[in-house]
Amino acid sequence: MSAVATDNAGDGTRALIFALLALACGHMLSTLLRTIPAVSLDLMAADFHIEPQALASLTSVYPFAFAAAQIPVGAAMDRFGVRPVSLSLLAGTVIGAIASGFATGPESFAVGQVMLGIATSGMLMCPMTLAAKQLSAARFGLWSGAILSIGNIGMLLSSSPLAFVVDHYGWRAGFWISALGGVLVALAVFVLVPRQPAEHKDESSPLSQMIEVLRLGLSRPLRGLIALALVSLATSLVLRGLWGGPWLMEIKGLTRVEAGNQLGAFTLAMIAGPLCIGMIDRRLSRRRELVAGTHMVGALLLALMALGAPHYAVAILFGVPVMPPQYDLVLFVLIGLATSAQPLLFGMSRQLVDAQTAGKALAAINLAFFLGAALMQSMTGAVAAFAGLPAVLLFMAAALLLGALIFLAYTRTA
């Protein structure tokens with residue numbers, strides 16, 4: 001009897017792992033689509049006859065739509081379950097990718113980006129929700145890092161491989177390939193994610209749920225976490241997904257594929273980072289200090305990258321016109337590792353609230369992550385147009401440092 005129970009438990013664990021992997025591939029597709037402009041912004045801007053900085057600001061409609069859809073998508077998961085919501089979102093992702101690939105100007109491209117923002121809004125929360133419901137708190141912490149790491153592989157695909165595709169087949173091919181990927185992920189979810197009845201249904205309206213999530217996010221226990229979440233993921237996503245490519249091509253003179261190689265190394269660090277940070281966290285058991293310290297180091301590294309530009313302090317200090325691309329490569333890798341502590345904010349939120357509000361706390365953190373990315377993307381577009389790319393990096397460094405300081409101030413007594 002016990003042997004049968006053990007076999008059933010083993011089968012259940014394997015089925016859960018495959019389901020989580022299938023859903024995490026949806027998050028991978030989301031990060032791929034979000035970061036396509038990093039290696040194709042100049043070509044897209046030329047195609048649409050607008051300035052790259054203007055297009056950069058326009059692409060912020062994606063994360064704004066993404067953030068706005070978080071609560072309704074979360075409510076849908078409560079009402080209908082993870083599987084049907086995930087399949088619906090993947091269908092929308094395929095349609096949005098095709099629409100973006102066929103865009104003829106900034107207006108039609110913006111429509112495609114809004115569609116993609118809404119459709120990919122639940123790609124992270126689908127596996128997170130399934131993991132949170134099925135796993136213990138300790139295993140959830142491990143899997144939340146693994147889900148983010150798997151998702152970041154999408155940014156690896158949008159580095160050198162996408163640069164090669166863009167050079168040979170144009171920027172639109174990136175969206176068409178993503179649409180095909182969406183079909184494949186949907187098939188995997190259809191086969192591997194089990195049909196489960198929705199649990200703990202919340203019959204309140206999406207508006208009241210939004211108000212409750214916002215109230216919880218602004219409450220004293222979570223305020224510091226929200227402040228850091230607003231700038232944490234935003235910094236790495238906006239650097240990797242938007243400004244990293246232009247920085248390397250315009251300031252450092254690299255080709256598109258060379259820039260893609262460096263962004264690939266940055267992405268590898270972002271893939272390994274959450275798992276490494278998770279292991280360090282378990283060894284140290286000083287989560288607050290680890291989260292704050294890594295983000296402060298990330299701010300310093302961003303500032304050092306900016307100051308390596310022509311006529312800036314680090315280049316002048318070393319007596320060179322501009323710091324070589326190898327300098328940026330090292331900094332990209334270190335920034336990728338230093339800013340990989342985001343999963344720990346999910347874990348901290350679960351520790352700071354009771355079980356009944358844990359789901360809404362996760363939603364508040366997730367909303368802050370992507371609302372922050374939207375705000376950072378739109379603001380850095382204005383900064384780039386006004387003061388140039390070094391100022392963009394300095395702006396992000398200052399935002400990251402401020403977020404870490406607010407986090408320390410509000411979590412002092414938590």
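Helices in this tour are DSSP runs of at least four residues, numbered from the N terminus, and the model you have open is a predicted one.

**First stop: helix α2 and the residue after it**

Select residues 41-48, which form helix α2, and show the side chains of Leu41, Met44, Ala45 and Phe48, which are buried. Looking down the axis of α2, you will find that these buried residues fall within an arc of 100°, so they line one face of the helix. The spacing is what one expects of a helical face, because an α-helix has 3.6 residues a turn and residues three or four places apart point the same way. To see what this face packs against, add α3 (52-58), α7 (106-119), α11 (172-192) and α13 (220-251), against which the buried residues of α2 are placed.

Now move on to His49, the residue that follows α2 and has a positive phi, near 60°. Most residues other than glycine have a negative phi, and His49 is a residue other than glycine with a positive value. His49 lies in the loop between α2 and α3, and with a relative accessible area of 72% it is exposed.

**Second stop: His311**

A second histidine to select is His311, in the loop between α15 (287-306) and α16 (313-317). Phi of His311 is positive too, near 70°, in a residue other than glycine, and His311 is exposed, with a relative accessible area of 71%.

**Third stop: the α6 and α8 pair**

Select residues 82-101 for helix α6 together with residues 125-134 for helix α8, which pack at an angle of about 170° with their axes 10 Å apart. Angles over 145 degrees count as roughly antiparallel, and α6 and α8 are therefore roughly antiparallel to each other. Where they meet, show Val82, Ser86 and Leu89 from α6, and Cys126, Thr129 and Leu130 from α8. The residues of this contact divide into four nonpolar and two polar, with no charged residue among them.

**Fourth stop: the cysteines**

Keep Cys126 selected, since this residue of the α6 and α8 contact is buried, with a relative accessible area of 1%. Then add Cys25, which counts as partly exposed at 29% relative accessibility. How far is the sulfur of Cys126 from the closest cysteine sulfur? That closest sulfur belongs to Cys25 and is 13 Å away, too far for a bond. From the side of Cys25, the closest cysteine sulfur is likewise the one in Cys126, at 13 Å. A disulfide requires a pair of cysteine sulfur atoms within 2.5 Å, and by this rule the count of disulfides comes to zero.

**Fifth stop: Gly151 in helix α9**

Select residues 137-157, helix α9, and find Gly151 within it; at 0% relative accessibility, Gly151 counts as buried. Leaving aside residues up to four places away in sequence, Gly151 touches Ala24, His27, Met28 and Thr31. For a sense of distance, select Leu248 as well, which is 97 residues from Gly151 along the chain, and whose C-alpha atom is separated from that of Gly151 by 24 Å.

**Last stop: helix α18**

Finish with residues 342-352, helix α18, in which eight of the 11 residues are buried, so that the helix is largely enclosed by the rest of the structure. The buried residues to display are Gln342, Pro343, Leu344, Leu345, Phe346, Gly347, Met348 and Ser349.

Key:
Residues numbered from 1 in each chain as written. Predicted model: local features only at pLDDT ≥ 70, side-chain atom pairs only at ≥ 80, totals over all residues. Heavy atoms only, no water. Axes fitted to C-alpha atoms, helices over the stretch in contact; angles between N-to-C directions. Helix = DSSP H or I, 4+ residues; strand = E, 2+ residues; numbered from the N terminus. Parallel < 35°, antiparallel > 145°, perpendicular 65-115°, else oblique. Contact = heavy atoms within 4.5 Å. Nonpolar A, V, L, I, M, F, W, Y, C, P; charged D, E, K, R; others polar. Buried < 20%, exposed > 50% of the residue type's maximum accessible area, 1.4 Å probe, protein only. Arc of directions from axis to C-beta.
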